[in-house]
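Please open the model in the viewer and display the backbone as a cartoon. The tour proceeds by selection, one region at a time.

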Amino acid sequence: MVPLSLAKSLASSPRSAEQCSADEATALFRADVLYGLSQPQKAVPPKYFYDEAGSRLFDLICRLPDYYPTRCELEILKARAAEIGALAGPGASLVEFGSGSSIKVRLLLDAMAAPAAYVPIDISGPHMRAAVTRLAEAYPGVAMVPVEADFTQSVRLPPLEDGRRVGFFPGSTIGNFTPEAATAFLAHVGDVLGAGSALVVGFDLAKDRAVLEAAYDDRQGITAAFNLNLLARINREVGADFEPSAFRHRAFLNGAESRIEMHLESVRQQEVSIGRHHFAFARGETIHTENSYKFSADAFLAMVRHAGWRQHAVWTDPKGWFAVAALERDGEGR
Ligand SMILES: C[S@@+](CC[C@H](N)C(=O)[O-])C[C@H]1O[C@@H](n2cnc3c(N)ncnc32)[C@H](O)[C@@H]1O
């Protein structure tokens, strides 16, 4: 597999690592934070949200009344599970990119004929492994092969049976990439899965500002806690001295870019240190922590075609708020 050089959606250091050791992962995290905080618009890549606390907070976000993406996507997957099962065919292996708590995959496994294996790939290792332990009890006939890795890097799949390889990329995580990086990532997924594979990917649709902003700035403050947890993680793992109470969560629609942006805003002038590195913050200055792009189906499908995938189907929920695309890659496959 050729290492992938992706244009990242947010500032990231030029270094990369493949399924690296804990020490290497910490060194890379430190390098990404130092690089991101040195940019004119300070930024930290969103993949660092997901330590154990961050993964648990994301699960709570998924249950919030205002957070429609999870509900809408589950609705689509329930309605279309049989079609996805038919697309996969018998004895297929399911590879999930960013599997989190592996909840949605149950709908697919239930609909597939004798699925051979489930390969969740996630950067949040302990959270993923706990989810897979629960899943294995419910699906004793399916080989569970978790891979703790950064899916934007070169990922080696374990040896798999001869059935079709089906990628699953739900949660609108694709929206965390810029459109250029999303296209590169979809091509990378095609390389990882190989010729003749299929891919089921969830993406969020453009909609009313009030609906979007409520989903990313809930009244209970769970998304704020998720965003601010990043500072606690940087303090703990990288040795920074952020004072989380001196920052506040901000989420807003950037209409020109058709994306929700999440930031951490400094409530006062301050300085933050990481070893011998010092970063000045003006009052109101922000760290950009996440983009979540909202697409039209046409724009999304144009990206998909550029990435070498063919459309099998695109489904939306009854409100037309969220979409799931089922895609295929040409070739003989396995
Ligand atoms: C938005 S959540 C989606 C979780 C789940 N798939 C769902 O639909 O509810 C994103 C997931 O991707 C994982 N993740 C984010 N960036 C990643 C990366 N670069 N490599 C591997 N996993 C990543 C996170 O740990 C998290 O579990």
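What span should the 17 residues of helix H8 have at 1.5 Å a residue, and how far apart are its end C-alpha atoms? In this predicted model, select residues 222-238, which form helix H8. The expected span is 24 Å, and the end C-alpha atoms lie 24 Å apart, so the two values agree.

Keep helix H8 selected and show its side chains. Of its 17 residues, 12 are buried, and the helix is thus mostly covered. Toward the start of the list of buried residues are Ile222, Thr223, Ala224, Phe226 and Asn227. The list continues with Asn229, Leu230, Leu231, Arg233, Ile234, Asn235 and Val238. Next, select Gly239, which follows helix H8. The phi of Gly239 is positive, near 80°.

Two further selections concern backbone angles. Most residues other than glycine have a negative phi.

Select Ala114, in the loop between helix H4 (105-111) and strand S2 (117-122). Ala114 is not a glycine, yet its phi is positive, near 45°. Is Ala114 buried or exposed? Its relative accessible area is 61%, and Ala114 is therefore exposed, the cut-off for exposed being over 50%.

Finally, select Ser258, in the loop between strand S7 (247-254) and strand S8 (259-266). Ser258 is likewise a residue other than glycine with a positive phi, here near 50°. With a relative accessibility of 24%, Ser258 counts as partly exposed, because that class lies between the buried limit of under 20% and the exposed limit of over 50%.

Notes: Residues are numbered from 1 along each chain as its sequence is written. This is a predicted model: local features need pLDDT of at least 70, side-chain atom pairs count only at pLDDT 80 or more; totals for chains, interfaces and linings use all residues. Side-chain values use heavy atoms; hydrogens and water are left out. Helices (H or I, at least four residues) and strands (E, at least two) are DSSP runs, numbered from the N terminus. The expected span of a helix is 1.5 Å times one less than its number of residues. Buried means under 20% relative accessible area, exposed over 50%, partly exposed in between (1.4 Å probe, protein chains only).
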